[in-house]
Amino acid sequence: MAAHLTAEEEQATKQFLEEINKWTTQHGVSPLSWNVAVKFLMARKFDVLRAIDLFHSYRETRLKEGIVKLKPLEEPLKSELLSGKFTVLGVRDPSGASIALFTAKLHHPNKTGHHVVLQALFYLLDRAVESFETQRNGLVFIYDMAGSNYNNFELDLSKKILNLLKGAFPARLKKVFIVGAPVWFRVPFNLLSLLLKEKLRERVQMVKMTDLRQHLPRDCLPEHLGGLLALDPPGWNRQLLAGQNGCVDPVDELVALPLAPARDDASIHTPGLESMSVQELVQHLGMVQRAGIYEEYDEIRREAPAGTFQCALTLCNQDKNRYGDVLCLDQTRVRLKTGRNEKSDYINASFMDGYKQKNAYIGTQGPMQNTYRDFWRMIWEQNVLVIVMTTRTDEGGRKKCGQYWPLERGGQEVYGHIAVVNQRVDSMPHFNQTTLELHNTETCEQRQVAHFQYLSWPDYGVPTSAVTLIDFLGVVKRQQRQAVVALGSRWKGHQGGPPVVVHCSAGIGRTGTLCALDICLSQLQDVGTLNIYQTVRRMRTQRAFSIQTPDQYYFCYTAILEYAQKQGILTVNKHHRIRKQAA
């Protein structure tokens, strides 16, 4: 049913659509519909600028949390929707607001990941706010903890649900009632209150079951509230699923856009409002010290992966993962081409954005003997010009990476239909640069690839000084630029060239650290600001678990400071003082 709007609201909707559809036209996707636009405007009381911010926050949040192309009739989302854990009640409060219910005792963290819970939450609420009455009158959220125990509770998930409802979902959140909370919840609740955004904190209220009657009339409350009766497998949920018949979320195309944008420079790594100058970085590091930076990393580490790992976990692909707990996300994995002789498209490798460049890198694990041919297929298919290896093949008596290229000058190896010839090796104090010539035996084409192996980076640790690593990064980038120039008109993509392949052993620790440094230094050189925290968070939405230890994360900070000192951006005295304080 179409929304009945005032003349002012209609004008605001037209203005919102005009602005948003400039963006959709620019990205080559379908324009936003009138009804969807009204939903975002209702949530922000027809404040156009705030509604535009909400729209982009909604898109980015769904992408980050893996809430894309939802398929409610397929597992595991179907079971989650029918579990009764989250539902929208068939009654409203006296003001006409919808009542959403989360039943804590039905949540089992060891069985269901955050991203599945959030998929169900967004899916059901999206359906609920299709109602004009709900858009107009808002939403009351009841967190029913009665009958639950400590094993049913996740602080991170609770914080995420509440903040998403307030800051990244197109509905007016009127009130949150935490009902029937056990005694042990008092400390987590105080912590939760501190973590919530200020405007949300004032709307969260912890009440006893009997007190809830004072806020919501009896006829608004279901009899089963508090676990007194078995939850009737949400009739609303079941009816909703029965009526889907392949219905598509109208925002799905827009949500999925960042994974395959029409423009090569539509990267998520761009200067944001929270970026800081080197001087502000110094002040931040001096204030929080090393322990505070470790806490930053721990906050990032606790975030659930922003997607799924179904392909990586498929039985036939498991022996292609060097480590069983380091997998690539379905949403960003590199897909190999298949054909008559190649049946599998899987390799443990992920596209990663760079500074103002989509797919600037491919982060991958160190190749194994059974994946050599897949690795070289990927190099050929993605037109790779530069490979960066940040590990030795063996470290501490353990195999870290296979010898996937001919080591000696003049050596030749054949991997599937790609023959690799070692043309020359240049040995430097901290790295080796090998020039490789690739021959495609199927097409009779040949190309040249530069292979860099950095030798001064301990496993799980960090280099003693960032200077040699940053200098190495400069050599790599210079080689990439020269190779792109040499291609001339044959290369029609982004001016930065094809992806640079970066790997260590697992493809997340040293690999993530190197890419994070490159992104931050590129932004610093471009506009004089950077944000390590946001860079790493965003990077992990593409290559899950990137940056493996708090020391690697802390190294990003000290490396930036070393670079700033070397460039004269930061005085020696100030630099030495801050490093001493932070140590």
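**Cavities in a predicted model**

Hi everyone, let's start with the walls of the largest cavity: by class, six nonpolar, one polar and six charged residues. Here Ala, Val, Leu, Ile, Met, Phe, Trp, Tyr, Cys and Pro count as nonpolar, Asp, Glu, Lys and Arg as charged, and the others, Gly among them, as polar.

A word on where this comes from. This is a predicted model, where local features need pLDDT of at least 70 and side-chain atom pairs count only at pLDDT 80 or more, while totals for chains, interfaces and linings use all residues. Residues are numbered from 1 along each chain as its sequence is written, and side-chain values use heavy atoms, leaving out hydrogens and water.

By cavity I mean a set of points, on a 1 Å grid over the protein atoms alone, where a 1.4 Å probe fits but cannot get out; lining residues have an atom within 4 Å of a point. Points are joined across faces, edges and corners, and volume is the space filled by probe spheres set on them.

So how big is the largest cavity? About 140 Å³. It has 13 lining residues, and E303, A304, P305, A306 and R540 are the closest to its centre.

The second largest cavity holds about 90 Å³. Its lining has seven nonpolar, three polar and one charged residues, including F102, H107 and E154. Which helix gives the largest share of that lining? That's α7, with four residues. Both α7 (155–167) and β3 (139–144) supply at least two; helices (H or I, at least four residues) and strands (E, at least two) are DSSP runs, numbered from the N terminus.

Thanks, all!

Notes: On a 1 Å grid over the protein atoms alone, a cavity is a set of points where a 1.4 Å probe fits but cannot get out, and a pocket is an open set with protein on both sides within 12 Å along at least five of seven lines; lining residues have an atom within 4 Å of a point.
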